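Visitor: Please show me the model. I would like to ask why things are called what they are called.

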Amino acid sequence: MQAERSALAIVALPDELTIVIVPTVAQRPRLLRAWLREHPQRPAPVVMTMAQFIKRYGQQVMSAGPRILHESAVDVLLREAGREYPAVMALGVQAEKLVRWSQQEADPESVERLASQIGHHTRKGRLLSELSEVWQRLHEIYGSRGCDRGMYARLLVDRLKGSPSAPFITPDGRAITRLVMIDTHGVTPVDRRLLDQLVLHGWDVGVRFCSEPPPMAELPSSTTPSDILWFVAQGWQAGGEQSQAKPAATQWAVLPSRIDEVRSALAMVRADVASGIPLGRTALCIAGSSAYRRLLVQEAERMGVPITATAQRALSTTRIASAVNAVCRVLTGRWQRIDVERMFSDPLLERFRSRGGTDLVDIARRDRIRGGEGIDEWLDRLAWGEQATRLARQRAEETGADDVWARGRSIREYVRAQDVMKRLATLLYSDPSASVSVKTFTTLIGQTILDEMGLVDVLDDAIAPAASGVASNAESELRAVTALKDVLEFYRGVAEDHDLDDVPLGEHVARWWTMVEATAIEDNSPKRGVPVLSPAELRSADVEHVIVLGFVEGEFPRSSSHLLDDEIIPDVLRRLSVEAMADILSAADGRRLTLLRPKRVDDSLTIASSLRIMLPADQEVELPPQMLPLQHSSAQPVEFAYRRSQSVVAGLALPAHASPLYQEERDRRMSASRLDEMQKCPYRYFATKVLRLDTSVSDDARLTPLERGNVLHELIATFFQRVRPAVELEEVTVKELLERRVILQRASSEKYWQMLCDLVDEYAERYAWTHTFAQVERQALVGSAAMPGLLRRWLELEIAYQEETGHAPALFEIVLNEDITIEIDGRTTILPITARIDRIDVAPDGMGVSFVVGDYKPRASSGYTTQRILNGELSQMPIYLRATSEWLTRHNVPNEPLAAMYRSFGTTIHETDDPRVQMVLYSPSVKHWKQFVSIKQSQRPKVFENILELPLQQQVDASLVYADALAESIRAGTFPVHPTGKACEHCRMNELCRVDEWGIGGVIPKEN
């Protein structure tokens, strides 16, 4: 067994059938392929891991003994054993750890002795003592029917001591008494004793250790030297000198980020293939952050580099398992809203979502139903919301408001939401704090969730028409259903075999899901490509080039070492690190080795792993910058080139399901909000208005600016309605418009103030202000004796405004559908628009009226300025002015537009802005309204000075030129990524347009 590589050593085995023990299952196919190439006619050796050998051999030697429990089953029993010791279980004690400790000949008694040595008065001593109790309790739960793999190996050794010689019997009846262990850095004490017992029973046994560098003072050595000494002390014969691995060439490079690492590594793979190296002979090694695997899959597809896919798929990642997990989160989370939203976002719950699930989620966000108190709270809040909405519709019908239809639609949404919640209550509701039997739990999952909720049927419908290219994936999804039910029965069997007590539903879910996560299903579509391996999997790999990613101190190699590992197995983490580096050097022996490292991780500079000391310094070179692959060769900056090329032509490039959405959007009347969204970025307009992607965010702690604005808007509208009730507008005349005005008298200000306070109380009671800062919001609105609230200051401002301007509000929330005229370079164009104007103030003007249009905002903002309007960035006020003027003219009402105003209420929590009236467009005849002019004479930019001296109608014409151009762009259906100002900083469509990936790089100027 003196061959340089394990594959050559296997080929040199004699004719007699031999068992070959390998560290991981990754070595098995490689070694068998090497054997079959050289000896196609001879029986192949039996290649397996030590765990597989112990299980199969133990079943022959201890036919009446306990069975080995799957590690997921051990974890279930371990949770039961550790219920009274949360501090220990919080450290992540798992079956894998116990098996490792047991193989090092640790047991509950030895752990207790260690705790006594450290001292029970210390935290570590107490934890070790509690760990001993948990471990002992686990053995009691095992009973005589089962045990973990580590305990089983020790039982096998004890059985062999007093039994006659026993060969290993293959399934076809052949007896084997030859065994060789290869590619190991060390042999655990239990495995050493097992191998020694096999020798004493007449077996021919050999151990081939991995190639390792010489021991270094700076780093701990592996257990190889001490293991060899143990075997020699037991009478074994030691072979020749151990070879030392040494790469032919070692190179390293520091890249700006992890994604640059991945791209460079894949580019090196492509370069190797171009130079004649087979695709599978370049290996990518990952031992640190798991983020690399995700980046590799993402970038490999983009760069056209196939990577070897695993032949198995985790059951927990399948569609059916994800859907069941989403439902379980709702049950165990006491029906919190976030869990309900996640459940209804799952595709397999389409039937429930289509029957009211979407309404339920929308209402929960709007009414701030947080959940968490069970299903009754949902039903009560939904019933209360329906009742409140019915009352609101009744008031709207009585007052002639124009939102009767909207209130009716909202009532229907409440009814559908209650129906879906009642169906869920019938199927799923149970008290999460009550203990239930394992039979009840398995019935809930297997019968109610999988069958009665229709998840399996929806899955069948979804994958039935699968094309041949995805047929294998469809088959794995169907196998997942069977696997999920099998794991459910497995959990039930474990619980019943070991007499586990009834536990709350959440504990059942946690136990069962542990088994689901440990289960894999076969994938019949493995891909051949670049192998992505861990250091241990590199053992015996025959490669020409090893590329290591993430060679960073603190991350390479990252081990799953437990907090208590170093106490039970001294220096285990450092030893495993040295062995990982030795595996890499062994795989690169006589070949190329490349080490890559990101310059920064999480905005912190990195340093190379300290294991770099193991590299041969005389052959280590740094890759020069010109050797690193370039991702983009265009001389034009990437961000500009990408944005100018990326666009959507709605009439040509839309998928079939989106085309009707565009047709509907194109044919609608234009509105100021649509035009302003188009002005910010056409691509964002396409995503939000055409595709109608939801960009809303929820904040249950406080009112959002939009919600606060709606609250104040409704309060003020109701206040004006109570001061002067008005019937529905039937005939538009000068007389009726002037009679509808709500003129506030300063002498009645206290009366008005009391009305506003009553309205705040009514609103808070009717709409159930339940967010965290509700009391703070109300205090800011109403104020105190020492500090008047925002509404009191708004009232004083409104009275002052009416006294100075002579205008008073007459129309509220009026919707105008007009075909407005726009003068452009001597020609007239018609633009169909719809405008919902918050208020129109009027005053007598000769035989007609003069008017001011207004729009409410939650707070004053520097963004609503005259400059932006005249620049074409905001079209709202020019459209309001022109639409109102043409509407009045169409009804034969002589009119003169005087101004457009933004009215802010002031904020309540963030800052203390006072209510404000901001006049952004105005006729030169009202310059004397200086208190409300947005742009002062001294602050006027020269470019606007002449425009602001023109009549208001001409100012509007100059602004609407931009609106007409934007409308034409919408109708043409071309939506490029073309942001202006700081639109990208607040846009939530970056994931769609990928602007984040390429960087902002400045604002693209508007093209003529």
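Guide: Strand 22 (residues 808-824) and strand 23 (residues 827-845) pair in the antiparallel sense. This is a predicted model: local features need pLDDT of at least 70, side-chain atom pairs count only at pLDDT 80 or more, and totals for chains, interfaces and linings use all residues. Residues are numbered from 1 along each chain as its sequence is written, and side-chain values use heavy atoms, without hydrogens and water.

Visitor: What makes strand 22 and strand 23 a pair?

Guide: Pairing needs at least two DSSP bridges between two strands. Strand 22 and strand 23 have 15 bridges. They qualify. Strands themselves are DSSP runs of E, at least two residues; helices are runs of H or I, at least four; both are numbered from the N terminus. One bridge sets F812 against R839 in strand 23.

Visitor: Why are F441 and Y491 called edge-to-face?

Guide: Rings of Phe, Tyr and Trp (its six-membered ring) pair if their centres lie within 6.5 Å; planes under 30 degrees apart are stacked, over 60 edge-to-face, the rest tilted. F441 and Y491 show 5.9 Å and 90 degrees, so they are an edge-to-face pair. F441 lies in helix 19 and Y491 in helix 21, so the pair ties together parts 50 residues apart in sequence.

Visitor: Why are F551 and F556 called tilted?

Guide: Their centres are 5.0 Å apart, with 55 degrees between the planes. That angle is neither under 30 nor over 60, so the pair is tilted.

Visitor: How do you know that R612 lies over the face of W252?

Guide: The rule asks for NZ of Lys or CZ of Arg within 6 Å of the ring centre and within 35 degrees of the ring normal. R612 is at 4.4 Å from the ring centre of W252 and lies over its face.
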